[in-house]
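Work through the exercises below with the sequence and the structure at hand. Each task is followed by a solution in steps.

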Amino acid sequence: MRQHAARFVRDVTARNRLPLDYSVASLRVVDFIVDGLRRSGRDRTDVRGVLFGLGVYAGEVLVRRAGAAWVEFDRGQRELFGQPVGVRMPDGRVWNPLGKVVKRFEAGERESLRTFYLQLHGRARAELPGSAGRFGRFGRVEAGGAPDEL
């Protein structure tokens, strides 16, 4: 995935001079690009490749800045997330940055990639009072976790 992100950044920045430098601040650029795609009126299938590239880029920011690691989803996770890969944070939680980019495209501003990073980076695992937490077949699952936040 790292190589895919590097190719995507090289291709996109060569044409558009966008500041995609794997910084947390660059996730605002991702939000801006997705918003432009939304406003263009194009169908999601028409921009599928760009959305995938932006999702890989966002995941690579998590890898480089938050200590995440790329993971291939198993069959159940692929069905749940609708994506082949995601990232696992150092605390064991699995996140779906590719799906988050799609959500931004579909839902708009309330699905910010920059906010996504800021909300998950460094969060401690949620523990329920009097329990050791909740575990599902995908590993640790936080209470109320949505598919991009497992």
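**Exercise 1. A glycine in a helix**

Task: Decide whether Gly36 is buried, partly exposed or exposed, and state which helix holds Gly36.

Solution. The model is a predicted one. Step one is the accessibility: Gly36 has a relative accessibility of 29%. Step two is the cut-off: buried requires under 20% and exposed requires over 50%, with partly exposed in between. Gly36 therefore counts as partly exposed. Step three is the location, and Gly36 lies in helix H2. A further check is the distance to Phe105: the two C-alpha atoms are 9.2 Å apart, although Gly36 and Phe105 are separated by 69 residues in sequence.

**Exercise 2. Two helices crossing**

Task: Classify the arrangement of H2 and H5 from the angle between their axes.

Solution. Helix H2 covers residues 26-39 and helix H5 covers residues 97-107. Their axes come within 8 Å and cross at roughly 45°. Angles under 35 degrees would count as roughly parallel, and 65 to 115 as roughly perpendicular. The angle fits neither class, so H2 is oblique to H5. The handedness of the H2 and H5 crossing is right-handed.

**Exercise 3. The fold in outline**

Task: How many helices and strands does the chain have, and in what pattern do they follow along the sequence?

Solution. The count gives six helices and five strands. Along the sequence, the pattern reads α-α-α-β-α-β-β-α-α-β-β. As for burial, 44% of the 150 residues of the chain count as buried.

**Exercise 4. The span of H3**

Task: Compare the reach of helix H3 with the span expected at 1.5 Å a residue.

Solution. H3 runs over residues 48-66, which is 19 residues. From the first C-alpha to the last, H3 reaches 26 Å. The expected value is 27 Å, and the reach is close to it. After H3 comes Gly67, which has a positive phi near 75°.

**Exercise 5. Positive phi outside glycine**

Task: Where do Arg17 and Tyr22 lie, and is each one buried or exposed?

Solution. Start with the backbone. Arg17 is not a glycine, yet its phi is positive, about 55°. Tyr22, also a residue other than glycine, has a positive phi near 65°. Arg17 is placed in the loop between helix H1 (2-16) and H2, and Tyr22 is in the loop between H1 and H2 as well. Then compare the areas. Arg17 has a relative accessible area of 78%, so Arg17 is exposed. Tyr22 has 9%, so Tyr22 is buried. The ring of Tyr22 also has a charged partner: the charged end of Arg64 sits over it, 3.6 Å from the ring centre.

**Exercise 6. Aromatic pairs**

Task: Classify the pairs Phe73 and Phe81 and Trp95 and Phe116.

Solution. A pair of aromatic rings is described by the distance of the centres and the angle of the planes. The structure holds three aromatic pairs. One of them joins Phe73 and Phe81, with 4.5 Å between centres and 35° between planes, a tilted pair. Phe73 and Phe81 are both buried. In the pair of Trp95 and Phe116, the centres are 5.7 Å apart and the planes stand at 75°. Planes over 60 degrees apart count as edge-to-face, so this pair of Trp95 and Phe116 is edge-to-face. Next, place the rings: Trp95 is in strand S3 (residues 94-95) and Phe116 in helix H6 (residues 113-120), so the pair ties together parts 21 residues apart in sequence. Trp95 counts as buried at 2% relative accessibility, and Phe116 is buried with a relative accessible area of 4%.

Notes
Residues are numbered from 1 along each chain as its sequence is written. This is a predicted model: local features need pLDDT of at least 70, side-chain atom pairs count only at pLDDT 80 or more; totals for chains, interfaces and linings use all residues. Side-chain values use heavy atoms; hydrogens and water are left out. Helices (H or I, at least four residues) and strands (E, at least two) are DSSP runs, numbered from the N terminus. The expected span of a helix is 1.5 Å times one less than its number of residues. Rings of Phe, Tyr and Trp (its six-membered ring) pair if their centres lie within 6.5 Å; planes under 30 degrees apart count as stacked, over 60 as edge-to-face and the rest as tilted. Buried means under 20% relative accessible area, exposed over 50%, partly exposed in between (1.4 Å probe, protein chains only). A charge sits over a ring if NZ of Lys or CZ of Arg is within 6 Å of the ring centre and within 35 degrees of the ring normal. Axes are lines fitted to C-alpha atoms, for helices over the stretch in contact, and angles run from 0 to 180 degrees between N-to-C directions. Angles under 35 degrees count as roughly parallel, over 145 as roughly antiparallel, 65 to 115 as roughly perpendicular and the rest as oblique. A crossing is left-handed if the near helix is turned anticlockwise from the far one by less than a right angle, and right-handed if clockwise.
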